[in-house]
Amino acid sequence: MQNAVIYPSLMLIAGIGIPVMATLNSGLGIKLGSSALATTLLFLVGLVISVAYLLKTEGLPSAVFSKDIAWYFYLGGILVAFYILSVTWVSPRYGVGNAVSFVLLGQLLAISVIDHFGLLGAQQTSLDTKRLIGLAMMVVGVLLVVKRTS
């Protein structure tokens, strides 16, 4: 029961944080005159916080890389860097709402494929008619939210 409240609440807060983060990142990129420099500084701050959290909660790890872990599980860092760089660069040009709306659309499409096929070790959840209708409604909703810019 507790997880039924805590997990959705944490993810809701994380979701709220995405457009706030995009706004802050793009503002920093504008003020610094460089989305790449802004992204680098954001990763530096994130690294410091992540290392502090790791050391506080788990201590120094004995191993970081393991031959038992497939190499592609480490590629998430590339996707994080791509996301931060792209949202920092695109948001001031296209609008935070538009940028994050398309991020949401990409997430919806990706989770549908990942869940349906159980890719990368994810729990498999078939894309049934009910989920397809929900996905279609979300796609339409995202497209209605996006403000057309010229």
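Here is a short walk through the structure shown above, from its overall layout down to a few single residues.

Let us start with the whole chain, bearing in mind that this is a predicted model. The protein chain has five helices and zero strands, and reading along the sequence gives the pattern α-α-α-α-α. If you draw a box along the principal axes, the C-alpha atoms fill roughly 45 × 45 × 30 Å. Of the 150 residues in the protein chain, 15% are buried. Another way to get a feeling for the fold is through its contacts: among those between residues at least 6 apart in sequence, 63% join residues at least 24 apart.

Now turn to the start of the chain, where helix H1 covers residues 2-32 and helix H2 covers residues 35-57. These two helices pack at an angle of about 125°, with their axes 7 Å apart. An angle between 115 and 145 degrees falls in the oblique range, and H1 and H2 are therefore oblique to each other. Their crossing is right-handed. To find the place where they touch, look in H1 for Asn25, Leu28, Gly29 and Leu32, which meet Ser35, Leu37, Ala38, Leu41 and Leu42 in H2. Sorted by class, this contact of H1 with H2 has six nonpolar, three polar and no charged residues.

Helix H1 has a second partner to visit. The axes of H1 and H4 come within 10 Å and cross at roughly 135°, which makes H1 oblique to H4. The crossing of H1 and H4 is right-handed. On the H1 side you will find Ile18, Pro19, Ala22, Thr23 and Ser26, and they meet Val96, Val100 and Gln107 in H4. The residues of this contact of H1 with H4 divide into five nonpolar, three polar and no charged.

With that meeting place in view, look for Ser91, which is found in helix H3, residues 76-94. Is Ser91 buried or exposed? Its relative accessibility is 3%, so Ser91 counts as buried, the cut-off for buried being under 20%. Leaving aside its neighbours within four places in sequence, Ser91 is in contact with Ala22, Ser26, Ser86, Val96 and Ala99. Among these partners, Ala22 and Ser26 also belong to the H1 side of the contact with H4, and Val96 belongs to the H4 side.

Next, follow the chain to helix H5, where Leu143 has its place. Leu143 has a relative accessible area of 36% and is partly exposed. Leu143 and Asn98 lie 45 residues apart in sequence, while in space they are 9.3 Å apart, C-alpha to C-alpha. Without counting its neighbours within four places in sequence, Leu143 is in contact with Phe102, Leu105 and Arg148.

One last stop also involves helix H5. How many salt bridges does a search of the whole structure find? The search finds one. It is formed by Arg131 and Asp115, whose closest N and O atoms are 3.4 Å apart. Arg131 sits in helix H5, residues 129-145, and Asp115 in helix H4, residues 96-117, so that the pair links distant parts of the chain, 16 residues apart. As for its surroundings, Arg131 has a relative accessibility of 27% and counts as partly exposed.

Note on methods: Residues are numbered from 1 along each chain as its sequence is written. This is a predicted model: local features need pLDDT of at least 70, side-chain atom pairs count only at pLDDT 80 or more; totals for chains, interfaces and linings use all residues. Side-chain values use heavy atoms; hydrogens and water are left out. A salt bridge is a side-chain nitrogen of Lys or Arg within 4 Å of a carboxyl oxygen of Asp or Glu. Helices (H or I, at least four residues) and strands (E, at least two) are DSSP runs, numbered from the N terminus. Buried means under 20% relative accessible area, exposed over 50%, partly exposed in between (1.4 Å probe, protein chains only). Axes are lines fitted to C-alpha atoms, for helices over the stretch in contact, and angles run from 0 to 180 degrees between N-to-C directions. Angles under 35 degrees count as roughly parallel, over 145 as roughly antiparallel, 65 to 115 as roughly perpendicular and the rest as oblique. A crossing is left-handed if the near helix is turned anticlockwise from the far one by less than a right angle, and right-handed if clockwise. Contact means heavy atoms within 4.5 Å. Ala, Val, Leu, Ile, Met, Phe, Trp, Tyr, Cys and Pro count as nonpolar, Asp, Glu, Lys and Arg as charged, and the others, Gly among them, as polar.
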